[in-house]
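Reader: Could you take me through one helix packing in this model up close, and then show me what else is worth a look around it? Keep it casual, I have the coordinates open.

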Amino acid sequence: MGIVPIITYLSVIVFVVSVVTRFIKLSTLPVHLRWEVYPVPHEKGKGHYGGSYLEEYEWWTKPRQTSKLAELKVMLPEIILLAGVWEHNKKHWFRTFPFHFGLYLLAGLVVLLAVGGVGSVFGLNVAADGGASGALIYYLTIAVGYAGLVLALIGSLALLVRRTFNADYREYTTGADYFNLLFFTATLVVALFSRLTADLHFDGLRGFFQGLLTLNGSAVPPLTALQSLEIVCASLLVAYIPLTHMSHFFTKWFTYHDVRWSDEPNLAGSGFDEKIAKQLEATVDWSAPHIRGDGKKKNWIDVVTSSGREE
Amino acid sequence: MAKKRVKFSDFSTPSKKLSQELRKEDFMPLPAPLDDVEALPDFPLLKETVEEKYECSLDDTVALNLPKPETKEEEDALVAKFLSGLQKLFTRENNWTFLQPLLLSMDHCASCHTCSDSCHIYEGSGNNPVYRPAYRSEVFRRLYRAHVKGNGGGILSAWRKGDVELNWTTVARLAELSYRCNLCRRCAQTCPIGVDNGLIGHEIRKLFSMEMGIAAKEIHDSGSVLQLKVGSSTGMNDLVVKDNMEFIDEDVTEKTGITVNTPFDKEGADILLIHNAGEIMAWPLNPGAFGVIFESAGLSWTMSSEIAGFDSINYGLWYDDAQFARVAIKHAEAAKKLGVKKIVLGECGHAHKALTVIADRVLTGDLNIPRESCLVTLEEIVMSGRLKVDPERNDFPVTLHDPCNVVRLMGIVEPQRRILRKIAPRFREMTPHGVNNYCCGGGSGFAIMSGNNFSDWRIQISGRKKLEQVLKAFEGELDPSIRKYVCAPCSNCKGQLRDIFAYYDLWEKHSIMYDGLVELIVNCMVDAKPDFIEWEQH
């Protein structure tokens with residue numbers, strides 16, 4: 001097995017470990033105070049105008065009416081079309097949407113290459129004349145792949161231009177931000193060149209995926225230097241993304257579900273009392289005169305049940 | 001004047017002012033009849049004595065009156081204290097209350113500037129870069145990366161993640177800058193990723209208060225501290241409140257012909273009604289109107305004379321978790337002592353959110369007594385037909401201001417509207433409204449902060465967007481012969497509207513006044529004498 005598949009394996013491991021680690025870290029943070037912002041779409045019959053169960057007379061006596069479907073109706077356009085950016089920042093949407101949608105298509109490309117590669121092992125002929133299934137995967141791979149590469153490249157270049165030449169954006173753009181966009185742009189350019197010069201129909205990449213997924217190094221076809229560079233860049237990019245603020249591709253789940261839409265009331269049986277009680281036992285070492293925590297004996301219960309004056 | 005560009009490196013560089021001079025010519029233009037910039041009041045600059053004594057290097061106003069350190073050692077000690085607070089803010093023990101939302105907001109901003117366009121302060125100021133919601137957050141984020149995440153120092157790290165030097169200039173400016181945000185969280189609502197600049201502002205305030213003992217005097221010393229000591233930030237104790245309520249009862253009984261005797265400490269009542277005590281002092285007809293409505297509807301209710309039980313305010317919401325929890329517990333204990341079935345919060349937005357939503361994960365066990373918005377209680381009373389109303393008595397233009405805390409941050413949108421549609425035939429919405437409303441500009445304590453020229457700042461800048469909305473809501477009806485009513489069911493919002501309207505003579509010149517929802521309800525009650533609203537008082 002050559003070095004290229006090994007880099008890809010390692011990159012995937014870094015990706016998975018980073019995402020899982022961060023997911024666990026965020027999931028196991030202490031219960032926090034409620035901090036929702038309306039509209040909260042799962043509020044059944046009210047989410048569309050921003051209403052909540054708190055509009056109900058003696059709301060605690062009534063069963064909560066929530067709708068996962070209503071939530072999904074907001075989530076899907078938000079994830080797929082970046083509806084929030086469209087609504088609040090159209091100029092930016094025309095740059096960021098192609099970038100993100102292009103990446104979604106490239107994720108789809110990976111799935112198609114994997115399906116095609118594994119399918120080939122089981123006798124599927126992924127080719128223009130490979131029968132209905134084979135031809136479908138063959139043409140879909142080409143369409144999705146090129147659309148993804150082109151859209152993502154247009155988006156990354158547009159974002160790069162905006163961050164470079166718009167003074168407001170430039171001031172907020174750090175070296176790491178430029179590096180990120182250049183990394184994407186370079187990888188996409190290499191990938192496009194690689195396609196156009198050595199692997200027009202993604203057959204080489206499919207073979208690479210076949211070898212990768214079947215753990216069969218000999219199945220990996222010989223790669224050109226450009227193809228190797230393409231795969232290495234893409235692999236490193238995959239490993240890099242969750243280590244940066246671009247991990248928002250999955251942490252956005254937390255900002256929405258654990259904060260912005262987290263309106264579950266502390267009713268009997270909700271389990272909040274126990275979680276809060278645990279946190280109230282935590283020691284405090286804020287040192288302002290009205291708190292004077294020592295980080296040893298004084299806990300939150302001591303702090304909040306004192307007046308602060310006698311401290 | 002050409003807009004001064006402000007770089008992040010400027011933040012820590014000592015200079016007279018970080019911001020460009022605040023001049024009315026640069027602010028967002030107002031619609032007619034306030035469209036003549038020359039005729040508008042100038043933005044008054046700070047007095048030299050103030051500039052000499054206090055840290056004023058952020059912009060042309062000052063909220064905190066931070067004394068300038070006299071020695072380098074003093075500066076260094078304050079910076080060290082800030083650094084220790086910064087680190088504590090990101091620990092589970094000290095900040096379990098907001099750690100997860102804070103971390104999510106610190107780590108994922110994509111700097112897309114969507115938040116800027118949603119911010120009434122940034123827009124009102126004429127897009128002053130210092131007031132971008134993300135500016136404060138990014139300064140703080142860079143300090144967090146360098147001093148909490150430990151991304152190392154040096155040129156490479158600065159290039160990668162941006163750099164803001166930690167020195168006294170940075171600390172002093174950041175303290176002030178945390179008081180240039182209303183915490184209305186309109187920016188959080190529009191952020192595509194869910195980053196919350198309002199939360200970051202809130203957390204910066206907490207760091208200063210809980211570690212360094214630095215907070216606006218009006219919300220700490222004269223606010224939560226006074227409330228915990230005597231029961232109310234107004235300074236009124238229970239005896240004074242009872243006296244005032246007696247006087248108010250007499251007044252509204254005479255005005256309406258409906259006898260009101262506000263009950264105090266009635267054990268076993270269904271409802272504990274808690275007003276913002278500022279209403280009792282500044283807008284006595286408001287608690288009076290509640291009395292008229294509750295008595296007419298035959299409710300079983302009471303007020304409390306316990307510490308904090310007669311004042312619903314909880315300023316800790318804006319700057320300090322410890323003060324917040326202390327006051328919330330006092331409110332709950334007052335209700336528990338009386339054995340009421342629920343607490344109903346009077347017309348005060350931040351009190352609504354503080355006790356209903358934020359305290360929901362503070363009050364446990366038998367302190368977790370149900371809380372309800374008065375807007376919901378009132379809707380039940382009005383829409384059930386328990387009160388006979390004659391909407392013709394409210395035959396004047398009415399618009400509704402949505403308090404951020406009640407609407408965007410609690411989702412109570414429709415009850416107040418259903419009432420208004422029933423009792424105010426000429427009700428019209430502001431644009432935008434509901435959860436997309438704009439803050440009045442007095443949120444997060446600003447309405448009670450008027451030191452130096454801060455009231456000019458909150459009227460000319462943070463309140464500018466609301467003023468524009470009010471004028472547009474009454475477009476074509478600005479003739480002073482037409483009395484117009486801005487319904488603002490929130491004490492702090494009313495305080496801000498009072499000051500804005502007085503600043504621009506809107507009552508004298510255009511007959512625009514503000515008041516609460518209950519006054520409108522009583523004004524159209526068939527069983528009450530007409531003309532409850534006191535137009536000339538505003």
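**The H3–H12 contact in chain B**

Author: From H3(B), the residues B:Lys81, B:Phe82, B:Ser84, B:Gly85, B:Leu86, B:Lys88 and B:Leu89 come up against B:Glu203, B:Leu207, B:Glu211 and B:Met212 in H12(B). Sort that contact by class and you get five nonpolar, two polar and four charged residues. Bear in mind that this is a predicted model.

Now the geometry. H3 of chain B covers residues 72-89 and H12 of chain B covers residues 197-212; they pack at an angle of about 120 degrees, and their axes are 9 Å apart. Angles of 65 to 115 degrees would count as roughly perpendicular and those over 145 as roughly antiparallel, so H3(B) and H12(B) are oblique to each other. As for handedness, the crossing of H3(B) with H12(B) is right-handed.

Step back along the chain a little and there are a couple of backbone oddities. The loop between H2 and H3 of chain B holds B:Asn65, which has a positive phi of about 50 degrees although it is not a glycine. Further back, B:Ala32 and B:Pro33 are joined by a cis peptide bond, with omega about 10 degrees. B:Pro33 sits in the loop between helix H1 (8-11) and helix H2 (48-53) of chain B. Both kinds of feature catch the eye because most residues other than glycine have a negative phi, and most peptide bonds are trans. Chain A has a cis bond too: the one from A:Tyr38 to A:Pro39, with omega near 10 degrees. A:Pro39 is found in the loop between helix H1 (3-27) and helix H2 (68-81) of chain A.

For the wider setting, chain B has 25 helices and eight strands. Its radius of gyration is 23 Å, close to the 24 Å that the globule rule gives for 538 residues, so chain B is as compact as a globular protein of that length. Along the principal axes, the C-alpha atoms of chain B fill a box of roughly 75 × 55 × 45 Å.

Some of those strands make an open sheet of four, in the order S6-S5-S7-S8 (chain B), with parallel pairing. Strand S6 (427-428) and strand S8 (512-515) of chain B are at the edges with a single partner strand each, so one side of each has no neighbour in the sheet. S5 (residues 398-400) and S7 (residues 484-487) of chain B pair over three bridges, and B:Leu400 has B:Cys487 as its bridge partner in S7(B). Lying across S5, S6 and S7 of chain B is helix H20 (residues 414-423), which runs at about 175 degrees to S5(B).

If you want a helix pair to set beside the one you asked about, try chain A. There H7 (residues 175-198) and H9 (residues 225-240) pack at about 150 degrees, with axes 9 Å apart. That angle makes H7(A) roughly antiparallel to H9(A), and their crossing is left-handed. The residues of this contact of H7(A) with H9(A) divide into 13 nonpolar, four polar and one charged.

Finally, the two chains meet: the contact takes 70 residues from chain A and 75 residues from chain B. On the side of chain A that touches chain B, H10(A) gives the largest share, nine residues. By class, that side of chain A has 35 nonpolar, 23 polar and twelve charged residues.

Definitions and conventions:
Residues numbered from 1 in each chain as written. Chains lettered and ligands numbered in written order. Predicted model: local features only at pLDDT ≥ 70, side-chain atom pairs only at ≥ 80, totals over all residues. Pairing = 2+ DSSP bridges. Helix = DSSP H or I, 4+ residues; strand = E, 2+ residues; numbered from the N terminus. Contact = placed C-beta atoms within 7 Å. Axes fitted to C-alpha atoms, helices over the stretch in contact; angles between N-to-C directions. Parallel < 35°, antiparallel > 145°, perpendicular 65-115°, else oblique. Left-handed = near helix turned anticlockwise from the far one by under 90°. Nonpolar A, V, L, I, M, F, W, Y, C, P; charged D, E, K, R; others polar. Rg over C-alpha atoms; globule rule 2.2 N^0.38 Å.
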